[in-house]
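Student: Please take a close look at the nonpolar core of this protein and the loops around the fold. I would like one connected account.

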Amino acid sequence: LVNGNTLLVVGDSGALVVDGGHFPSLARRVIADVRRLAPVPVRWLVNTHWHEDHLLGNAAPRAAFPGLAIVATRAARDTILARVPGMVAEEARSYP
């Protein structure tokens, strides 16, 4: 199993997750851990770069945390859309 690192930052009124995971199934495990550790809503998910093991699980936290903002640098976003558009589209189809 290939997976990047995931980071959780918890503040007074919201939490931030960095790189939610490679697969929706892994992202759901991360979500369970986040819910256990963070007494505040998750407001942001940061994708550090375009590699699949950092972003293909995005739909799971998007579904789990209403109002979640997915954040990336413009360069990361452009590279994601250019290099993995099919994967991003597939991920979006997996979770309406």
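Tutor: What follows covers the core, then two loop residues. This is a predicted model, in which local features need pLDDT of at least 70, side-chain atom pairs count only at pLDDT 80 or more, and totals for chains, interfaces and linings use all residues. Residues are numbered from 1 along each chain as its sequence is written, and side-chain values use heavy atoms, with hydrogens and water left out.

A nonpolar core is a set of buried Ala, Val, Leu, Ile, Met, Phe, Trp, Tyr and Cys residues joined through side-chain atoms within 4.5 Å; buried means under 20% relative accessible area (1.4 Å probe, protein chains only). The largest such core has 14 residues, of which A15, V17, I31, V34, V42, F65 and L68 touch the most other members. Two or more residues each come from β2 (15-18), α1 (24-37), β3 (42-46) and α3 (59-64), and α1 gives the largest share, four residues. Helices (H or I, at least four residues) and strands (E, at least two) are DSSP runs, numbered from the N terminus. Neighbours within four places in sequence aside, F65 is in contact (heavy atoms within 4.5 Å) with I31, V34, R35 and V42.

N58 sits in the loop between α2 (52-55) and α3. N58 is buried, at 6% relative accessible area, and its side chain makes a polar contact of 2.8 Å with that of N47. A polar contact is a pair of N or O atoms within 3.5 Å; within protein, one must be able to donate a hydrogen and the other to accept it, and residues adjacent in sequence count only if both atoms are side-chain atoms.

D19, in the loop between β2 and α1, is also buried, at 3%. Its phi is near 55 degrees, a positive value in a residue other than glycine.

Technical notes: Buried means under 20% relative accessible area, exposed over 50%, partly exposed in between (1.4 Å probe, protein chains only).
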